[in-house]
Amino acid sequence: MTTGTSSCIFCRIVRGEMRAEVVYRTPTAVAIRDVNPQAPVHVLVFPTEHVDSLGEAADPGLLGSLLVTAREVAAREQVDRRGYRVVINTNAEAGQTVPHLHLHVLGGRRMTWPPG
Ligand code: 5GP
Ligand code: ZN
């Protein structure tokens, strides 16, 4: 299910109505630097088409391409060999604050486990 996209910040970035530091694009996804980075490398990968969350994503091909895009971002940001983390916060309890499916690509520092 999708909600209206006129006020969605990631849809607004896709349409060029809001500024963002775009680090990579594919025909179906955009990668931007997070405005409030939690690691030296913190990039958000999201589909150009609005999808509320992982739970609402119906297209396995789209999900696969988002993972490939996250992997490509990690390589471009030169954290692929050291290590990086890909996170999808899904719904409120997991801390999803932007209701447009996105992958966090985090790297450049040692990560702890379990996550907070
Ligand atoms: P969530 O909490 O939904 O998993 O992740 C949303 C992320 O989007 C947060 O890490 C937050 O810092 C980031 N964010 C929120 N608004 C903006 C924005 O306007 N520009 C950018 N570049 N990142 C944003
Ligand atoms: Zn959206």
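A polar contact is a pair of N or O atoms within 3.5 Å. With that cut-off in mind, the tour of this predicted model may begin at the ligand.

**Stop 1: the ligand contacts.** Select ligand 1 together with His104: a polar side-chain atom of His104 lies 2.8 Å from an oxygen atom of ligand 1. Add Asp34 to the selection, where a polar side-chain atom is 2.5 Å from an oxygen atom of the ligand. Then add Asn89, whose side chain places a polar atom 2.9 Å from an oxygen atom of ligand 1. Of the 520 Å² of accessible area that ligand 1 has on its own, the protein covers 83%.

**Stop 2: the shell.** Extend the selection to the 16 residues that surround ligand 1. The closest are Asp34, Asn89, Gly95, Thr97 and His104, so named that Gly95 and Thr97 may now be added to the view. Colour the shell by class to find seven nonpolar, seven polar and two charged residues. Next, display the surface of the protein without the ligand: the space taken by ligand 1 is the largest pocket. Which elements give two or more residues to the shell around ligand 1? They are helix H1 (9-14) and strand S2 (29-33).

**Stop 3: the whole chain.** Switch to a cartoon of the protein chain, which contains two helices and five strands. Followed from the N terminus, the elements run α-β-β-β-α-β-β. The radius of gyration of the chain is 14 Å, close to the 13 Å that the globule rule gives for 116 residues, so the chain is as compact as a globular protein of that length. Along the principal axes, its C-alpha atoms fill a box of roughly 40 × 30 × 30 Å.

**Stop 4: two backbone details.** Most residues other than glycine have a negative phi, and most peptide bonds are trans. Select Gln78 in the loop between helix H2 (60-76) and strand S4 (84-87). Phi of Gln78 is near 60°, a positive value in a residue other than glycine. Finally, move to the segment after strand S5 (103-107), where Pro114 lies. The peptide bond that joins Trp113 and Pro114 is cis, with omega at about 5°.

Note on methods. Residues are numbered from 1 along each chain as its sequence is written. Chains are lettered from A and ligands numbered from 1 in the order in which they are written. This is a predicted model: local features need pLDDT of at least 70, side-chain atom pairs count only at pLDDT 80 or more; totals for chains, interfaces and linings use all residues. Side-chain values use heavy atoms; hydrogens and water are left out. A residue is near a molecule or strand if one of its heavy atoms lies within 4 Å of it. A polar contact is a pair of N or O atoms within 3.5 Å; within protein, one must be able to donate a hydrogen and the other to accept it, and residues adjacent in sequence count only if both atoms are side-chain atoms. Accessible areas come from the Shrake-Rupley method with a 1.4 Å probe; for residues, only the protein chains shown count as cover. On a 1 Å grid over the protein atoms alone, a cavity is a set of points where a 1.4 Å probe fits but cannot get out, and a pocket is an open set with protein on both sides within 12 Å along at least five of seven lines; lining residues have an atom within 4 Å of a point. A molecule sits in a cavity or pocket if more than half of its atoms lie within 2 Å of its grid points. Helices (H or I, at least four residues) and strands (E, at least two) are DSSP runs, numbered from the N terminus. Ala, Val, Leu, Ile, Met, Phe, Trp, Tyr, Cys and Pro count as nonpolar, Asp, Glu, Lys and Arg as charged, and the others, Gly among them, as polar. The radius of gyration is taken over C-alpha atoms; the globule rule is 2.2 Å times the number of residues to the power 0.38.
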